[in-house]
Amino acid sequence: MDISADLALRIDRLEAAQAVQNLMGKYEYLHSAYQNAEIVKLFAERDDIVIDMPFGRWNGRDAARRCFGVMFEEELTARDRRGELAEHTLTTPVIEVAKDGQTAKAVWNSPGHEAHTFFWLPDKPRIAFWYWCRYSVDFVKTDEGWRIWHLHVYQTWASEVNSSVVSSEPPTEPPTPNGWAAPDEALTLVTKYSAEKEPELIPVPPEPYDSYVEHDYVT
């Protein structure tokens, strides 16, 4: 590779790191505004999309539509949203763009707080609670720009405001939809805080890499 081509690729990779950071920032802003259906547009149009939430995994080209467009938008939040609050931030990023400039891997810590009838369950009182998680995300470069390819959300801890995460029971998980929008698999990896568990390095921050290979995606 000549010097000019190498320099162009290095600049492209630097711009890619900013692009994926912006992409995840947009994801958080849309989620906070309860515009979850718009999150669908942040995903690549591919048959190998994977979305892992603490309550299940969605696979395939329609994974984002079923998870964000149906589960979060239509089934859980298509109702009176007065008094609702969902704020999740992004901190401590580790972003690695492949040397070939076609994919990227990144992790973030995400401190968050919410206020609503917990996970929109009927006949439940509105509560305020902390909800912290971590993101592990793979991105792919497309003709439309950078898009989310694989998204994994690891819940780390949750508790009501003014309650101790150690002494209180964490809020329950949301009900998962049935039929077409239901997750394709249940997750077996539990990352929630427990007084019986030692800290673990989950997810593992990415290291520099040349190009993406299929077995790179590990939950």
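**Entry 1. Strands β6, β7 and β3**

I began with the pairing of β6 and β7 in this predicted model. The two strands run antiparallel and are joined by five bridges. To fix the register I looked up H113, and I found that its bridge partner in β7 is W130.

I then turned to the pairing of β6 with β3. Strand β6 covers residues 112-117, and four bridges join it to β3 in the antiparallel sense. I took L85 as the register marker here; its bridge partner in β6 is A115.

**Entry 2. H88**

I next looked up H88, which lies in strand β3, residues 85-88. Is H88 buried or exposed? Its relative accessibility is 7%, and because buried means under 20%, H88 counts as buried.

I asked which side chain H88 joins through a polar contact. The partner is E114, at 2.7 Å between the two side chains.

I also listed the wider surroundings of H88, leaving out residues up to four places away in sequence. H88 touches E28, H31 and S32, then S110, P111, G112 and E114, and finally Y131 and Y135. I noted that E28, H31 and S32 are among the buried residues of α1.

**Entry 3. The β4-β5 hairpin**

I moved on to strand β4, residues 91-97, and strand β5, residues 103-110. They pair antiparallel over five bridges. Within this pairing, I found E96 opposite K105 of β5.

Five residues lie between the strands of the hairpin, and G101 takes a positive phi near 75°. I recorded a further positive phi in T92, near 45°, in a residue other than glycine. T92 is found in strand β4 itself.

**Entry 4. The segment after β8**

I followed the chain into the segment after β8, where β8 covers 145-160 and the segment holds P203. The peptide bond from I202 to P203 is cis, with omega near -5°.

P205 is found in the segment after β8 as well. I asked where P205 stands with respect to K105. The two are 100 residues apart in sequence, while their C-alpha atoms are 8.7 Å apart in space. Setting aside neighbours within four places in sequence, I found P205 in contact with V94 and V107. The relative accessible area of P205 is 31%, so P205 is partly exposed.

**Entry 5. Helix α1 and Y34**

I checked the length of α1 against its residue count. At 1.5 Å a residue, its 30 residues should span 44 Å; the end C-alpha atoms are 44 Å apart, so the expected and modelled values agree.

I then listed the buried residues of α1: A16, V20, L23, M24, G25, Y27, E28, L30, H31 and S32.

After α1 comes Y34, with a positive phi near 60°. Y34 lies in the loop between α1, residues 3-32, and α2, residues 36-39. I noted the positive phi in particular, as Y34 is not a glycine. At 6% relative accessibility, Y34 counts as buried.

**Entry 6. The largest nonpolar core**

I looked up the largest nonpolar core, which has 42 residues. Which members touch the most other members? They are Y27, I51, M53, F68, F139, I148 and L151. At least two residues of this core come from each of α1, β1 (50-53), α3 (63-75), β5, β7 (126-142) and β8. The largest share, eight residues, comes from β7. I set beside this the general tendency of nonpolar side chains to be buried together in soluble globular proteins.

I noted again that Y27 is listed among the buried residues of α1.

**Entry 7. The chain as a whole**

I closed with the totals. The secondary structure comes to three helices and eight strands. From the N terminus on, I read the order of elements as α-α-β-β-α-β-β-β-β-β-β.

Of the 219 residues, 43% count as buried. The chain exposes about 11900 Å², of which carbon and sulfur atoms supply 52%.

I asked how the contacts between residues at least 6 apart in sequence are distributed, and what percentage join residues at least 24 apart. The value is 66%.

Methods
Residues numbered from 1 in each chain as written. Predicted model: local features only at pLDDT ≥ 70, side-chain atom pairs only at ≥ 80, totals over all residues. Heavy atoms only, no water. Pairing = 2+ DSSP bridges. Buried < 20%, exposed > 50% of the residue type's maximum accessible area, 1.4 Å probe, protein only. Polar contact = N/O pair within 3.5 Å; in protein donor to acceptor, adjacent residues only side chain to side chain. Contact = heavy atoms within 4.5 Å. Core = buried A, V, L, I, M, F, W, Y, C linked by side-chain atoms within 4.5 Å. Expected span 1.5 Å × (residues − 1). Areas by Shrake-Rupley, 256 points an atom, 1.4 Å probe, with all protein chains shown as cover.
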